[in-house]
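Student: I would like to go through this protein with you, one feature at a time. Please show me the sequence and the model.

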Amino acid sequence: GAIGYQNGRPVVYEKTLNLDIAQRLYKYLAAAGVKTTLLRDSDTSIVLADRPHMANLLRADLLIGIDNNDYKPNRQASGTEVYFTNQNQDLGRYGINSKRLAQLTQSELVPALGTIDRQIRNGETLSVIRRAKMPAIIVEGVYLSNANDLALALTDAYRENYAKATATAIIKALNESVSPVLLSAE
């Protein structure tokens, strides 16, 4: 993962930031009644290829990658983006596709974080979402290589808003997938 530097010194490791956000997201989803599993809940490392494999073994309905970006060649790169793949469109028992989930997540995150909207992006080359057998997205909150984005990422409000907005998007996607039932009492 990326490392955020200020004045040439490391101030945050992406893995630490991502875990904090994922744990907050877990709490929001659990409070809403969404059965959720964290692939890691401590400072451990899971090889990229193992992540979709673990989700597939769990028979998960969705796979959400919590990440933050880094692009050292252009430290001006800034903002939020969500990656999806069409490969697993409309899979799973809920009929949610990754592109729609990415759209909902992007539309919740950008205003919640106050970041530049870098749009949703096709991530078919990204192994974590390509190898998942369920709708999967990777959320890239901000660029740790950008000084302004990094300053935002270091705040508690950023981590809280990232988690809350992502939870809201997931819940919206689940709600959209529920077909209305017409009841008739005759």
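Student: Which residue in β6 does Y83 stand opposite?

Tutor: Keep in mind that this model is predicted. Strand β4 covers residues 80–84 and strand β6 covers residues 136–143, and the two pair in the antiparallel sense over 3 bridges. Across from Y83, the residue in β6 is I138.

Student: What is the order of the strands in the open sheet?

Tutor: Strands of a sheet pair through backbone hydrogen bonds, either parallel or antiparallel. This open sheet has 4 strands with mixed pairing. β3 (63–69) and β5 (117–122) each have a single partner strand, so they stand at the edges with one side left without a neighbour in the sheet. Neighbouring strands are turned by 15° against each other on average, direction ignored. The order is β3-β6-β4-β5.

Student: Which strands does helix α3 touch?

Tutor: Helix α3 spans residues 98–113 and packs on the sheet. Its direction makes about 170° with that of β4. The strands touched by α3 are β3, β4, β5 and β6.

Student: At about what angle to β3 does helix α6 run?

Tutor: Helix α6 is made of residues 156–177. This helix lies across β3 and β6. Its angle to β3 is about 150°.

Student: Which element gives the most residues to the lining of the largest pocket?

Tutor: The largest pocket has a volume of about 1,400 Å³. Of the 46 residues that line this pocket, the closest to its centre are T37, L39, L63, I64 and G65. At least two lining residues each come from α1 (14–31), α2 (50–58), β3, α4 (127–130), β6 and α6. The element that gives the most, with 8 residues, is α1.

Student: How many nonpolar residues are in that lining?

Tutor: The lining of the largest pocket can be sorted by class. Charged residues number 11 and polar residues 10. The count of nonpolar residues is 25.

Student: Which residue in the turn between β1 and β2 has a positive phi?

Tutor: β1 (residues 3–6) and β2 (residues 9–13) pair in the antiparallel sense over 4 bridges, and G4 stands opposite V12 in β2. The two strands form a hairpin with 2 residues between them. The residue with a positive phi, about 55°, is N7.

Student: What is the radius of gyration of the protein?

Tutor: The protein has 6 helices and 6 strands, and its C-alpha atoms fill a box of roughly 75 × 30 × 30 Å along the principal axes. With 186 residues, a compact globule would have a radius of gyration near 16 Å, which agrees with the value for this protein, 17 Å.

How values were computed
Residues numbered from 1 in each chain as written. Predicted model: local features only at pLDDT ≥ 70, side-chain atom pairs only at ≥ 80, totals over all residues. Heavy atoms only, no water. Pairing = 2+ DSSP bridges. Axes fitted to C-alpha atoms, helices over the stretch in contact; angles between N-to-C directions. Contact = heavy atoms within 4.5 Å. 1 Å grid on protein atoms, 1.4 Å probe; cavity = no way out; pocket = protein on both sides within 12 Å on 5 of 7 lines; lining within 4 Å. Points joined across faces, edges and corners; volume = space filled by probe spheres on them. Nonpolar A, V, L, I, M, F, W, Y, C, P; charged D, E, K, R; others polar. Rg over C-alpha atoms; globule rule 2.2 N^0.38 Å.
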